[in-house]
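Q: Please take a close look at one part of this model, the strands and how they pair, and set that part within the chains that hold it. I am in my first year, so a connected explanation would help.

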Amino acid sequence: MRFMLTAEQRRFAATLDELLSRADVPAAARAWADGDRGPGLAIWAALARVGVTSLAEHAEPADLVVACEELGRHPVPGPLAESLAAVPALLGGLPSSRARELLAHISSGTAIATAAFPPQVPLALDADIAQVVILSENNKIFLAQPVGTFDSMDPSRKLFAVRQTEVLAADADAVAAGVRHGTLASAALLLGAGRGLLDAAVRHARTREQFGRPVGAFQAVKHALADVLIGIEFARPLLYAAAVAVGAGQATAARDISAARVACADAARLAAAVALQVHGAIGYTRECDVSLWLAKVRALSAVWGSQAEHRAVVLAALTEPKTGPWS
Amino acid sequence: MDLDQDPAIAAFRAQARAWLREQVPDPPLPAVNTEEGFAAHRRWERKLAQAGLAVVSWPEKYGGRDATLGQWLAFEEEYYRSGGPVRVGQNGLFLLASTLFSHGTPAQLDRILPPMATGDQVWAQAWSEPGAGSDLAAITSTARRAAGGWLLNGQKTWSSRAAFADRAFGLFRSDSEAERHEGLTYLMFDLRAPGVTVRPIRQLDGDPGFAEIFLDDVFVPDEDVIGMPGAGWRVAMSTASHERGLSLRSPGRFLASAERLVGLWQRQGSNAASERVADAWIAARAYQLHTFGTVAALEAGGTLGAESSLGKVFWSDLDVRLCETALDLLGPQAELDGQWTASYLFALAGPIYAGTNEIQRSVIAERLLGMPR
């Protein structure tokens with residue numbers, strides 16, 4: 001057993017961090033929210049050039065979660081869980097040449113994908129900029145088109161009701177693979193958002209002064225931030241373990257994904273609450289970067305299964321005779 | 001990155017599991033912090049030692065089997081899963097021993113480790129004093145030079161196992177002029193030596209799990225100093241991260257508790273507290289996986305530092321939540337003496353000992369997040 005990232009995976013994370021730090025992601029996320037997708041799409045193109053869009057097809061799930069944590073941390077706008085994980089995993093399980101062709105476009109970055117998987121994911125995120133829109137219902141898979149738009153609490157998420165235009169396949173395994181990867185990616189994005197929120201709160205607490213000292217010198221602030229770090233550091237191993245289980249096709253994969261998703265979303269929610277409180281009034285403004293993660297954490301933890309559903313999956317797996325908790 | 005169990009670990013795990021299944025006492029031993037229970041737990045330690053399972057990670061010449069960290073974790077999982085008795089030798093086996101491996105002389109290792117491994121010598125810790133709890137460096141008990149050794153004076157308190165143990169270890173001020181973290185010396189002493197008075201203290205569960213120790217010109221020979229005189233703080237701190245993390249509370253313990261909680265929830269047959277039951281198992285699993293990560297990092301040449309404070313807060317809070325959930329599931333039966341009430345009362349101490357969680361959170365904020373002091 002060697003349960004740690006490889007040097008290559010750490011380098012990949014560092015490369016993405018560097019690329020995204022230079023790219024002014026906050027400005028791109030704000031422009032995206034205002035309807036100007038140009039800067040955000042330029043970031044997607046840059047990500048495609050370093051191989052992020054082909055991870056689901058060509059790399060291990062562990063590589064995918066490493067990347068998604070960085071994308072959530074920065075926070076990149078667009079249908080990440082859908083285009084980088086769920087749709088490629090779904091298409092990869094289909095034998096048809098049409099599916100292969102679509103997958104090739106998504107992997108190379110010439111197409112962005114989105115999807116609706118009702119009931120957990122009833123609306124397709126950013127379907128207006130996606131070249132591939134998937135609707136998966138009752139184990140049937142369709143190509144679809146947007147028919148109505150909804151605003152999200154997170155202004156950088158535009159949601160679309162979709163209608164089927166073409167039957168692609170009927171394949172329960174492919175749908176399951178899509179949901180598995182989408183959920184796993186959403187957990188990684190949430191963990192990354194938590195990390196981004198913690199980084200911002202730490203920066204603020206070190207520099208903002210009140211009563212003649214940095215607010216981070218006060219124990220009430222220190223201890224709140226410490227709890228955020230604890231939440232993140234103990235959610236990450238669950239995320240990695242889920243990626244390992246998915247990669248190895250283990251029977252515990254569903255349980256492990258749900259456990260990771262519960263912990264990552266809880267860690268991100270705590271990070272959001274603490275980051276807002278540590279920032280004070282400035283954190284409650286659109287001007288402050290904290291706003292870019294705050295609503296996203298809430299929005300993301302509502303799709304790809306609720307916390308209650310994922311906890312139920314864990315308990316069901318633990319009480320089922322075949323897969324005990326010690327496997 | 002993988003979670004594959006290597007064959008050597010699997011083989012050792014199977015061997016330990018088989019032995020424990022046969023040997024773990026049923027009904028359980030009497031409570032450890034009673035005279036009868038302490039003696040019974042001492043006998044259990046001897047039995048473990050005879051089977052080569054008392055100190056698996058130690059070198060063979062001291063009674064161990066040179067097990068890797070991975071094998072040790074597997075043993076711990078099997079031990080707690082089997083419902084094995086409390087390790088009465090814990091203070092010595094997992095705390096003093098790590099300090100001796102890092103700072104002890106070969107003669108000290110030869111003299112102290114073998115009887116520790118067999119339970120013939122059970123150790124108490126003697127860190128806290130009435131005026132030095134979280135602020136451990138405020139200790140005022142003294143060690144004064146005497147011919148061939150030192151004379152100890154002062155008072156220690158909350159000394160785990162001191163009511164029935166044989167020997168104790170702790171820090172003493174040997175130079176009153178030096179800066180507070182200097183001038184401390186790490187010493188071992190005999191709890192039955194002339195000048196030692198032990199006053200047991202009844203804990204929340206009614207048993208004397210710790211004690212006060214009064215020291216009145218207690219002689220300690222030079223051979224019982226660990227490290228250099230005056231270097232006691234650094235000696236103690238170099239292994240403090242072990243106490244908070246890995247060795248004090250291994251993940252197997254919480255996974256076993258979480259598994260029992262899931263079983264209880266299932267038998268109760270209602271949906272009460274189901275989200276908390278799931279969370280308890282998820283957290284126990286997270287602690288296990290986090291530890292696997294720590295082991296991988298250590299095996300790759302890393303060191304364990306302030307990160308161990310993350311684990312200490314995490315497992316101690318988890319333990320309280322887990323036991324509270326069990327009691328809530330039990331309804332009116334929760335107050336009746338039993339395994340869960342005992343676990344609950346024990347868990348309540350976790351956020352306090354081995355450095356309070358407040359101290360740990362400050363360590364995390366200052367050393368891991370760079371918050372100003």
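A: Chain B of this predicted model contains twelve helices and eight strands. Two of these strands give a clear picture of antiparallel pairing: β2(B), which covers residues 142-146, and β3(B), which covers residues 149-160, run antiparallel and are joined by five bridges. To see how the two strands are lined up, you can look for Thr142(B), which stands opposite Asn153(B) in β3(B). The two strands form a hairpin with two residues between them, and in that turn Gly148(B) has a positive phi of about 75°.

Around this hairpin, chain B as a whole can be described by a few overall values. A compact globule of 373 residues would have a radius of gyration near 21 Å, and because chain B has 21 Å, its value agrees with that expectation. Taken along the principal axes, the box filled by the C-alpha atoms of chain B is roughly 70 × 45 × 45 Å. Of the 373 residues in chain B, 55% are buried, while the chain exposes about 15500 Å², of which carbon and sulfur atoms supply 52%. If you consider the contacts in chain B between residues at least 6 apart in sequence, 71% of them join residues at least 24 apart. Chain B also carries 35 positive and 45 negative charges, and the mean positions of these two sets are 1 Å apart.

Chain A, with twelve helices and seven strands, offers another arrangement of strands to study. Here five strands form an open sheet with mixed pairing, and their order is β1-β3-β4-β5-β2. The edges of this sheet are β1(A), residues 113-116, and β2(A), residues 124-125, each of which pairs on one side only. If you start from the edge strand β1(A), you find that it pairs with β3(A), residues 132-137, in the parallel sense over four bridges. Within this pairing, Ala113(A) has Val132(A) in β3(A) as its bridge partner.

A helix of chain A also deserves a careful look, namely α3(A), which covers residues 38-49 and includes Pro39(A). The relative accessible area of Pro39(A) is 33%, and because partly exposed residues are those between the 20% and 50% limits, Pro39(A) counts as partly exposed. Although Pro39(A) and Ala28(A) are eleven residues apart in sequence, their C-alpha atoms are 5.1 Å apart in space. When residues up to four places away in sequence are left out, Pro39(A) touches both Ala28(A) and Ala31(A).

The overall values for chain A can be read in the way already used for chain B. For 327 residues, a compact globule would have a radius of gyration near 20 Å, and the 19 Å of chain A agrees with this. The C-alpha atoms of chain A fill a box of roughly 65 × 50 × 35 Å along the principal axes, and 61% of the 327 residues count as buried. Chain A exposes about 12700 Å², with carbon and sulfur atoms supplying 54% of that area. Among the contacts in chain A with a separation of 6 or more, those between residues 24 or more positions apart account for 72%. Finally, chain A has 30 positive and 31 negative side chains, and the centres of these two sets lie 4 Å apart.

Key
Residues numbered from 1 in each chain as written. Chains lettered and ligands numbered in written order. Predicted model: local features only at pLDDT ≥ 70, side-chain atom pairs only at ≥ 80, totals over all residues. Heavy atoms only, no water. Rg over C-alpha atoms; globule rule 2.2 N^0.38 Å. Buried < 20%, exposed > 50% of the residue type's maximum accessible area, 1.4 Å probe, protein only. Contact = heavy atoms within 4.5 Å. Areas by Shrake-Rupley, 256 points an atom, 1.4 Å probe, with all protein chains shown as cover. Lys, Arg positive; Asp, Glu negative; His and termini not counted. Charge placed at Lys NZ, Arg CZ, Asp CG, Glu CD. Pairing = 2+ DSSP bridges.
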